[in-house]
Amino acid sequence: MGSIVDAEQARNLSLFRPLGYQRNSCGYCKSDSGNASYYASSVSVRPVHYDELVNRGWRRSGTLYYKQNLQKSCCPHYTMRLEASAFRPRTDQRKASNRWNKFILGSEYIRRAAYLCPKTREEKKHRKCNFDLLTAVHEAEYSNVKRPIDPKTKKYLEPAHRFEVNIEGDSISQAKFELFLKYQTQVHKEDVSKWQQKDFKRFLCSGLQRFPADPKSNEKKLGSWHQCYRLDGKLIAVAVLDLMPSGVSSVYIFYDPEYEQWEFGKLSALREIAFAIEGNYQYYYMGYYIHSCQKMRYKGSFRPQYILDPESHTWDPLDGELAAKLDKRPYVSLSRDRRLAAQDTPETAESDVTEADDEINDEEVSLFDLHMPGVMSLEEVKALDLDHWLLLVHGNFVHMIDLVGWERMPLDNPQSVKGIIAELAAALGPSLLNKSAVVLFD
Ligand SMILES: [Zn+2]
């Protein structure tokens, strides 16, 4: 029997291994089992498919992919994004950028450069009234710094520091790992024994396919990349980025704690928004937004910011109605509120978790009984062609229907193979079915 998938088709598939619905401890409020999510793992997801998942509320940590049940979690994780070209930096964000550039160039350089290559009156006037994001982000990079010969010293006028930023594949290096350890132990007060090289690799150097192979190519970059900041030749920060067709997603940033005063959270976000504009990625995703978490509020200051509706998967401005509602209750879906208001039952919008729902042990029942926001219902999944979804078994692709007994398996039994497959389909959404394969047995 010939393979049902040729090599070319196989390369275009994403692979998913269903792990199921689980409750875990919450890293934000420290509740023991407050965080409820559906999980899958993968060593190979195509960026275009990850884009679809992110726009359905998914996110990844290395090879672990998850979609939280926002309605049943103590600290709901809302997907947020902003349109890069519409971003308007606030005063504190502009200040952070200007401070950093001043530190890099140094007062001596700035004074001599003003004398040796003076700006025109127009340039000065323009600078005073405008903050140009792209100019500010690149101004102090060594390759952009003007270095005229200083007639006094007969030497090139050099800035105080040589600052360079490049983008490279998500490979691991000793310098990256050491910087990561320094950051985790000093900034997050973690024990050094918590992180081995292989954990670091799993967390920040794997899971999403990367294109093109050559980072210097002019093709649009997609997949998992590291933006590396070097000061006087030394690695001082690494921003981990997932590049998707529709946007730049910030995964993580770690930096040398010696430079904490320069606010790398702000500097890296500004740089990544500039990167999105220059690379033709429409949106900038700052990761999840947790309204109840004070440390996350700074993300809301990058405006205008939008939040993914957990049920309709449409986008609403964070400011205004949504923020006001989030102040009052943890779970908000404006599309649900509007639907209920149209049905003239406004009281259920405030208390949509019924008591009967709360008594369910949600790790044992079918995902379909949980009515998780943004997950397809059993009826919707029944309408999909699960029979011809691909399954990867010991390196060979087969169709689900080739499995012995498949047709007789119950769809709504979470212990049956078909039940597990149906849950994965419901969580991934309908459009990924014919672009992916399921990994189950090996
Ligand atoms: Zn929590």
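**Strands, helices and loops in a predicted model**

Visitor: In the hairpin formed by strand 16 and strand 17, which residue of the turn has a positive phi?
Guide: Strand 16 and strand 17 form a hairpin with two residues between them, and this description, like what follows, refers to a predicted model. In that turn, a positive phi of about 45 degrees belongs to His394.

Visitor: What is the bridge partner of Leu390 in strand 17?
Guide: The two strands of the hairpin run antiparallel and are joined by four bridges. Strand 16 covers residues 390-393, and strand 17 covers residues 396-399. Across this pairing, the bridge partner of Leu390 is His399.

Visitor: Strand 16 also pairs with strand 18; which residue of strand 18 stands opposite Leu392?
Guide: Strand 16 and strand 18, the latter spanning residues 436-439, pair in the parallel sense over three bridges. Strand 16 thus has a parallel pairing with strand 18 and an antiparallel pairing with strand 17. In strand 18, the residue opposite Leu392 is Val439.

Visitor: Which strands stand at the edges of the open sheet of seven strands?
Guide: The sheet has mixed pairing, and its strand order is 3-4-2-1-18-16-17. Each edge strand has a single partner strand, so one side of each is left without a neighbour in the sheet. The strands in that position are strand 3 (58-61) and strand 17 (396-399).

Visitor: By how many degrees are neighbouring strands of this sheet turned against each other on average?
Guide: The question concerns the open sheet with the order 3-4-2-1-18-16-17. With direction ignored, the average turn between its neighbouring strands is 40 degrees.

Visitor: At about what angle does helix 16 run to strand 1?
Guide: Helix 16, residues 417-428, lies across strand 1 (14-24), strand 2 (35-41), strand 4 (64-68) and strand 18. These strands are among those in the open sheet of seven. Relative to strand 1, the helix runs at about 95 degrees.

Visitor: Is helix 3 roughly parallel or roughly perpendicular to helix 9?
Guide: The axes of helix 3 (residues 91-105) and helix 9 (residues 264-278) come within 9 Å and cross at roughly 95 degrees. Angles from 65 to 115 degrees fall in one class, and therefore the arrangement of helix 3 against helix 9 is roughly perpendicular.

Visitor: How many nonpolar residues does the contact of helix 3 with helix 9 have?
Guide: Helix 3 contributes Gln93, Ala96, Ser97 and Trp100, while helix 9 contributes Lys266, Leu267 and Leu270. By class, two of these residues are polar and one is charged, and the number of nonpolar residues is four.

Visitor: How far apart do the C-alpha centres of domain 1 and domain 2 lie?
Guide: In the domain assignment, domain 1 consists of 14-26 + 36-76 + 309-439, and domain 2 consists of 88-156. The distance between their C-alpha centres is 49 Å.

Visitor: Which proline follows Arg303 through a cis peptide bond, and which loop holds that proline?
Guide: The bond has an omega of about -5 degrees and joins Arg303 to Pro304. Pro304 is found in the loop between strand 13 (288-289) and strand 14 (305-308).

Visitor: Where is Lys189, whose phi is positive, placed?
Guide: Phi of Lys189 is near 55 degrees, a positive value in a residue other than glycine. Its place is in the loop between helix 7 (174-186) and helix 8.

Definitions and conventions:
Residues numbered from 1 in each chain as written. Predicted model: local features only at pLDDT ≥ 70, side-chain atom pairs only at ≥ 80, totals over all residues. Pairing = 2+ DSSP bridges. Axes fitted to C-alpha atoms, helices over the stretch in contact; angles between N-to-C directions. Contact = placed C-beta atoms within 7 Å. Domains from an automatic or database assignment. Parallel < 35°, antiparallel > 145°, perpendicular 65-115°, else oblique. Nonpolar A, V, L, I, M, F, W, Y, C, P; charged D, E, K, R; others polar.
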